[in-house]
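Open the model in your viewer and keep the sequence panel within reach. We will go from stop to stop, with a selection to make at each one.

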Amino acid sequence: MNEQEMMNKIFHLKDELDYYRQQFWELTSSIDTWHFWFNWISVLIPLVLLYFFMDRKSVFELGFFGFAIHVMWTNIDTVLSMKNVLITPHNIFYLFPTSLTITTVVLPVGFMFIYQYCENKGKNYYIAAIIMSAFFGYLLAPTFEAIGMLELRAGMRFTYIFLIDIAVAYLAYWLTKGFWLLKRQGGKSSKQAG
């Protein structure tokens with residue numbers, strides 16, 4: 001098989017996969033199922049809580065931090081989903097290959113509240129992130145698995161989810177603090193130049 005034939009085969013399989021994903025979604029996760037409403041509630045409740053309880057003085061810092069969590073976990077979820085390791089069978093819409101509710105809303109918002117709490121109260125973020133990761137990995141993920149909203153396959157364990165949560169939470173924290181450091185250094189150098 002040459003390069004063009006291989007590409008055509010990939011395109012054909014992607015079209016076929018898209019067809020079956022749409023059919024599966026319409027059968028199991030569309031508006032007339034409880035999965036649909038569960039997904040929407042899982043998106044709306046965290047966003048409403050974030051709107052009412054986010055520290056407005058730190059909105060850009062919190063937003064950057066949450067966005068970092070969102071981007072990292074969404075990419076990890078995409079890879080794990082493509083490899084059939086971590087499956088979310090019931091998504092908000094069939095065009096989304098990963099869990100829009102968990103990786104893009106619940107995890108980022110949960111960690112944003114932990115970040116905000118630690119910054120405002122002078123608490124240790126690293127310990128708080130471990131506790132939140134344990135909550136997500138050992139309580140929330142098993143709950144989602146029990147109700148059929150999550151499948152672990154190919155040797156995936158809740159401990160791996162816990163460890164990924166910690167890694168993502170720490171990386172997002174370091175990234176946010178790194179950008180704060182760059183901002184402070186940039187402010188000092190512009191004052192010195194002036």
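The tour below goes through a predicted model, starting with a record and moving on to loops, rings and empty spaces.

**Stop 1: the annotated spans**

Begin by colouring residues 34-53, 60-80, 92-113, 125-144 and 156-175, which an unreviewed UniProt entry annotates as "transmembrane region". Now keep only residues 125-144 in view: this span is 100% helix and 0% strand. Its end C-alpha atoms are 26 Å apart. Switch to residues 156-175, where the helix content is 90% and the strand content 0%. Here the C-alpha atoms at the two ends lie 27 Å apart.

**Stop 2: three loop residues**

Select Ser29, in the loop between helix H1 (3-28) and H2. Is Ser29 buried or exposed? With a relative accessibility of 0%, Ser29 counts as buried. Add Asn39 to the selection and draw a distance between the C-alpha atoms: Ser29 and Asn39 are 10 residues apart along the chain, and the separation is 9.2 Å.

Next, look at two backbone angles. Most residues other than glycine have a negative phi. Select Asn84, in the loop between H3 and strand E1 (86-87). Asn84 is not a glycine, yet its phi is positive, near 60°. Its relative accessible area is 42%, so Asn84 is partly exposed.

Then jump to Ala154, in the loop between strand E2 (151-152) and H6. Ala154 also has a positive phi, about 55°, without being a glycine. Ala154 counts as exposed, at 69% relative accessibility.

**Stop 3: aromatic rings**

Show the side chains of Phe, Tyr and Trp. How many aromatic pairs does the structure hold? There are 19 aromatic pairs. Zoom in on Phe36 and Trp37: their ring centres are 5.0 Å apart and their planes meet at 80°, so this pair is edge-to-face. Phe36 is buried, with a relative accessible area of 11%, whereas Trp37 is partly exposed at 46%.

Move on to Tyr115 and Tyr173, an edge-to-face pair with 5.9 Å from centre to centre and 70° between the planes. This pair links distant parts of the chain, with Tyr115 in helix H4 and Tyr173 in helix H6 (residues 158-193), 58 residues apart. Tyr115 is buried, with a relative accessible area of 1%. Tyr173 is buried too, with a value of 14%.

Widen the selection to Phe65, Tyr115, Tyr125, Tyr126, Tyr170, Tyr173 and Trp174, which form one aromatic cluster.

Before leaving the rings, pick Tyr51 and Arg56. The charged end of Arg56 sits over the ring of Tyr51, 5.0 Å from the ring centre.

**Stop 4: the second largest pocket**

Rolling a probe the size of a water molecule over the atoms shows where empty space is left. Select Ser42, Ile45, Pro46, Leu49 and Val106: of the 15 residues that line the second largest pocket, these lie nearest its centre. The space in this pocket is about 260 Å³.

Which helices each supply at least two residues of the lining? They are helix H2 (34-53), helix H4 (100-121) and helix H5 (125-146). H2 gives the most, with six residues. Colour the lining of this pocket by residue class and you should find 13 nonpolar residues, two polar ones and no charged ones.

**Stop 5: the largest cavity**

The last stop is an enclosed space. The structure holds two cavities of 30 Å³ or more, and the largest cavity has a volume of about 190 Å³. To find this cavity, select Leu86, Ile102, Ala141, Leu150 and Ile161, which lie nearest its centre among 16 lining residues.

Helix H3 (59-82), H4, H5 and H6 each supply at least two residues of the lining of the largest cavity. Which helix gives the largest share? The largest share comes from H5, with four residues. Colour this lining by class as well: the largest cavity has 11 nonpolar, three polar and two charged residues around it.

Key:
Residues are numbered from 1 along each chain as its sequence is written. Side-chain values use heavy atoms; hydrogens and water are left out. On a 1 Å grid over the protein atoms alone, a cavity is a set of points where a 1.4 Å probe fits but cannot get out, and a pocket is an open set with protein on both sides within 12 Å along at least five of seven lines; lining residues have an atom within 4 Å of a point. Grid points are joined across faces, edges and corners, and a volume is the space filled by probe spheres set on the points. Ala, Val, Leu, Ile, Met, Phe, Trp, Tyr, Cys and Pro count as nonpolar, Asp, Glu, Lys and Arg as charged, and the others, Gly among them, as polar. Rings of Phe, Tyr and Trp (its six-membered ring) pair if their centres lie within 6.5 Å; planes under 30 degrees apart count as stacked, over 60 as edge-to-face and the rest as tilted. Buried means under 20% relative accessible area, exposed over 50%, partly exposed in between (1.4 Å probe, protein chains only). A charge sits over a ring if NZ of Lys or CZ of Arg is within 6 Å of the ring centre and within 35 degrees of the ring normal. UniProt positions are given in the numbering used here, feature names are shortened, and annotations may be inferred rather than shown by experiment.
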